[in-house]
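I sat down with this one to see what its surface patches are made of, and I kept notes as I went.

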Amino acid sequence: MLKDLMADNFQYAVAEQVLCNGSILDILNRHQECSTKIQRSIIKTVTTCGCVQIQLKKYELPKNASLMDLKSTCTPSVTGSLCPNCREKIENEIGRSLVYLAATCNSLDINLFDVIIKEHHKMQLLGQYNIT
């Protein structure tokens, strides 16, 4: 109960404080900029700071592999831990992105928490077949 109240309060606060709520095009543009900044911040953790590393390789998929087999074949590509500075930067960028996501929801009269609940329900219902 508290979590849905927090999500609704967040969305309400965005409606009250974000000045660009009237222009969906401005909101979409700013949300896209936030996504770009998140990606750039993650890349800088690797290229500038070095607190995390990205290890990529071609996956060798066995013939007739099931989805569960594929999951065990895919290993995490990120190693290391975010340093406090990089963590703060990425969290700030994700936070700004959430603001513009909530502003998008406000512009279209969509309740963000309802979307989260629906997506969670789909994930529980479809399990591993939901997102591949």
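**Ile94 and the nonpolar patch**

I started at Ile94 and looked up where it sits: it is found in helix H4. Note to self: the model is predicted, and I read everything below with that in mind.

Next I asked whether Ile94 is buried or exposed. Its relative accessible area comes to 39%, so I wrote it down as partly exposed, since that label covers values between the 20% and 50% cut-offs. A patch residue needs over 30% relative accessible area, and Ile94 has 39%.

Which residues join Ile94 in a nonpolar surface patch? I found Phe10, Leu98 and Leu101 alongside it, and the patch covers about 290 Å². I then checked which element gives the largest share, and helix H4, residues 84-107, supplies 3 residues.

**Arg40 and the positive patch**

I moved on to charge. Lys37, Arg40, Lys44 and Arg96 gather on the surface in a patch of positive charge. Helix H2, which spans residues 24-49, gives the most to this patch, with 3 residues.

I picked Arg40 for a closer look, and Arg40 lies in helix H2. How much of Arg40 is accessible? I got a relative accessible area of 42%, so Arg40 is partly exposed too, again between 20% and 50%.

**Ile27, also in helix H2**

I stayed in helix H2 and looked up Ile27, which lies there as well. Is Ile27 buried or exposed? The relative accessible area is 0%, which means Ile27 counts as buried, the cut-off being under 20%. I set that beside Arg40, which lies in helix H2 and is partly exposed at 42%.

I also looked up the spacing between Ile27 and Tyr100. They are 73 residues apart in sequence, yet I get 6.1 Å between them, C-alpha to C-alpha.

**The whole chain**

Last, I zoomed out. I count 5 helices and 2 strands in the chain, and from the N terminus on I read the order as α-α-β-α-β-α-α.

How much of the chain is buried? Of its 132 residues, 19% are buried, and Ile27, with its 0%, has that label.

I checked contacts too. Among those with a separation of 6 or more, 73% are between residues 24 or more positions apart.

For the surface, I noted about 10,100 Å² exposed by the chain, with carbon and sulfur atoms supplying 59% of it.

Technical notes: Residues are numbered from 1 along each chain as its sequence is written. This is a predicted model: local features need pLDDT of at least 70, side-chain atom pairs count only at pLDDT 80 or more; totals for chains, interfaces and linings use all residues. Side-chain values use heavy atoms; hydrogens and water are left out. Patches are made of residues with over 30% relative accessible area and no salt bridge: like charges are joined within 9 Å, nonpolar side chains (Val, Leu, Ile, Met, Phe, Trp, Tyr) within 5 Å. Accessible areas come from the Shrake-Rupley method with a 1.4 Å probe; for residues, only the protein chains shown count as cover. A salt bridge is a side-chain nitrogen of Lys or Arg within 4 Å of a carboxyl oxygen of Asp or Glu. Helices (H or I, at least four residues) and strands (E, at least two) are DSSP runs, numbered from the N terminus. Buried means under 20% relative accessible area, exposed over 50%, partly exposed in between (1.4 Å probe, protein chains only). Lys and Arg count as positive and Asp and Glu as negative; His and the chain ends are not counted. The place of a charge is taken as NZ of Lys, CZ of Arg, CG of Asp or CD of Glu. Contact means heavy atoms within 4.5 Å.
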